[in-house]
Amino acid sequence: MASDEHDRRRFLHGLVGAALATAGCGSSCGGARAGRDDVRLSTVVTKTEAVRAKPGKPRVVVVRNKKVLVHDYDADAGAVRAMVDAGLVALSGEKDTIAALSRYFSGDTRVGFKINGLAGRNAATHVELVDVLSAMLTKVGIEGRRQVAFDRFTRDLTASGFVDRSRAGGYRIVGNDDAGHEDDLVQMPSSASRLSRVLTSQVDAVLNLPVLKQHMLAGMTGALKNNFGCIHNPNKMHIDNCDPYVAEVNAVPAIRDKQRLVIMDALRPVVHNGPSYQPGMGEVANALLFATDLVAVDTVGLEILEGLRRKRDLPPLAQVDLAPTYLTTAGKLGLGVSDRAGIEVVEIEV
Amino acid sequence: MISRRDFFISCGGAGCALAAGGATGVLLLPRSALANTTPRAFPARFWKKLPQKAVECGLCPKHCKVEDRERGFCGVRENRDGEYFSLVWGQPCAMHVDPIEKKPLFHFLPGTRAFSIATAGCNLECKCCQNWDISQSKPEDVDFQFMPPDEVVRMAKDYDACVTFTYSEPIVFLEYCIDTATAARKAGVRSTMVTGGSGEALPMKEALKFLDAVKVDLKGFTEDYYRRMCKGKLQPVLDTIEVIRKSGVWLELVHLCVPGQNDSEPEIRTMCRWVKQHLGADVPLHFTRFHPEYQMKNVAPTPNETLVRCREIGMAEGLHFVYTGNVPGLAGEDTFCPHCNKSVVARRGFELLGLHIKNGHCEYCGTAIPGIWS
């Protein structure tokens, strides 16, 4: 648990990877790839390896795999596994995936996969990603019975393709509608909420697995907004581009302190008319984003989203009054780094 | 195992007994026994389709644009594959028998009972909400019973009560209100509504056809207050109030005085002037005491002096019926004849102490007292 405590403290201070010490190519490996200028972000490495962190900057690792999607939506589990291996190693600086995961989750931890399932199978967190992570966590010593995938409604989980794997020793699935919410209110400056009992009673640490999507009310949805699925009343917080509500929810200690790791599913982001699934609005990006800083990963995700929108001649979100201003608010609250210049981005192609 | 009907009958009997014994409110809904937690979906009214399976709700000024599988701000209306559904029609989560004075409706059948029902959900989020546990919840978050309109009317009749839609926000369960009020009118039972008034004119007019009285919470008199404290807007509420007044349905207003937020002398005076100018001097206006709740537990209750001062401002501005509330015994609970100034309805808290109105007129001087008295 000591390492978890350490990670949490670092997360809270918006710092990443101060202890990373393994060798790597750093920015020297940088370079544009033909035809991908809309999504090129920063440092690029060409194979799975650790990279020295830039002091004081949170790191976001973007891992791409052109072969990850099969049949338009479904993901190839092997390809996902390779991406997760590469992403975790690059993020943590550890020598392998198990060592990397152990930085964030110890054997006695109960882990909650906070997925985004509201749009159903076509625009939800990929089941294959959760399956891969679940197997990896088992190798860390976290048995399936200590793992749960959760979201607002059980029906959303099932509509997204999730099934209870506990009989086979795997993870459970639970909707907040079945688990319920705490009776007591958590007070925030602009609102108040009851917390999901899955969050408060069934998990010690959250592995935040958002889907990168444009959102017609919030601007975009990513890691920060995914935590709206930890409260009973997100419907009350979709005014004013969800600002400051997204930031304030993420500042609630019971939510903030359980965030260990984010893996953003950007295999096929929804670029317009989200967050629901709209035929033709998914744009293949083949990417997973790894971070411990929720604000930083959303900031990088936004950049990717805007790039994909440009490809379709869609206007910048700010131009249609949909700038996700909650990112700046979250930065001001000390939840992470929203200034793009203050984020180290590492790109990996596997 | 008892049937639902038997359950309600047994509840009804107990409730009647308690009500006859002077109880001010009888909770009829159990937390568990026969409660449901999976709401049924009924086709909603007052909405339109948008491209790509989205819908736009037309119940309230928020006009939520709701995508497939999503809900609007109120949390009780859901888009399912491009069709819009109410998840609270016929599914009340609270049922009480209250004195009508508790609403408060002071000029509507004093001393009678109100069979009061509510569902989950609200289209506002007031920081001082007294019923936040149901108003700020989704249907799945509360226990509820399936209770179709005819059943509500039957129970109201059993209690010799009117039906009152209250506690949370009836606008978000307006289809249920309309259907129940329609059934009630057919059965000779009156219907009343307690609302924040943040609704659209068309559905509200539809409901007013079957309502006998409405109490509107005029929560503040600045847009800033509504935005900051309620996540709403003032102007639509004022519009609704005028629609109700013009409809001829009996109207009363309540202003909950939240210390330091909406109780300044200029705001109260401006509000009273608006009431007189747009609604007339005969619309009752209640200034009620705030009690620390929900997101405002750190604010002290309204001092009595504030309520008295607000009432004095209202009277000075020429309003005929201005009351204080939520402070039993405080001056300002009685109805005074605007002509002879004698107490024609004496009250203490929710209790009726004396009624001196005959055929709608002051028993002492014969002046007509506006309201519904029989």
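## A tour starting at Asn326(B)

Select Asn326(B) to begin: with 20 other C-beta atoms within 10 Å, this residue is buried, because a count of 20 or more is what places a residue in that class. Keep in mind throughout that the model you have open is a predicted one.

With Asn326(B) still selected, follow the backbone to either side, and you will see that this residue sits in the loop between β15 (322-325) and β16 (335-336) of chain B. If you set aside the neighbours within four places in sequence, Asn326(B) is in contact with Thr288(B) and Arg289(B), which you can add to the selection. Then pick Trp47(B), which is 279 residues away from Asn326(B) in sequence and lies 38 Å from Asn326(B) in space, from C-alpha to C-alpha.

Next, colour chain B by its domain assignment, which gives domain 1 (94-327) and domain 2 (334-374). The centres of domain 1 and domain 2 of chain B, taken over C-alpha atoms, are separated by 22 Å. Where the two domains meet, 15 residues of domain 1 of chain B are in contact with 10 residues of domain 2 of chain B. On the domain 1 side, the touching residues divide into eight nonpolar, three polar and four charged.

From here, turn to the largest nonpolar core, which has 110 residues, and select the members that touch the most others: Phe115(B), Ala156(B), Val163(B), Cys177(B), Ala207(B) and Leu211(B). Helix α4 (residues 174-186) of chain B contributes the most to this core, giving seven residues. Both domains of chain B take part, since at least three residues of the core come from each of domain 1 (94-327) and domain 2 (334-374). To look at one of these core members more carefully, select Cys177(B), which, leaving aside its neighbours within four places in sequence, is in contact with Phe165(B), Pro170(B), Met193(B) and Ala207(B). Apart from this core lies another, of 102 residues, and Ala86(A), Ala100(A), Val132(A) and Val246(A) are among its members.

Those names lead to chain A, where a cartoon view should let you trace 12 helices and 13 strands. Of the 350 residues in chain A, 57% are buried. Among the contacts in chain A between residues at least 6 apart in sequence, 72% join residues that are at least 24 apart.

Finally, show both chains together and select the place where they touch: 18 residues of chain A are in contact with 19 residues of chain B. By class, the chain A side of this contact has five nonpolar, 11 polar and two charged residues.

Note on methods:
Residues are numbered from 1 along each chain as its sequence is written. Chains are lettered from A and ligands numbered from 1 in the order in which they are written. This is a predicted model: local features need pLDDT of at least 70, side-chain atom pairs count only at pLDDT 80 or more; totals for chains, interfaces and linings use all residues. Two residues are in contact if their C-beta atoms, placed from the backbone, lie within 7 Å. Ala, Val, Leu, Ile, Met, Phe, Trp, Tyr, Cys and Pro count as nonpolar, Asp, Glu, Lys and Arg as charged, and the others, Gly among them, as polar. A nonpolar core is a set of buried Ala, Val, Leu, Ile, Met, Phe, Trp, Tyr and Cys residues joined through C-beta atoms within 7 Å. A residue is buried if 20 or more other C-beta atoms lie within 10 Å of its own, exposed if 12 or fewer, and partly exposed in between; C-beta atoms are placed from the backbone. Helices (H or I, at least four residues) and strands (E, at least two) are DSSP runs, numbered from the N terminus. Domain bounds come from an automatic or database domain assignment.
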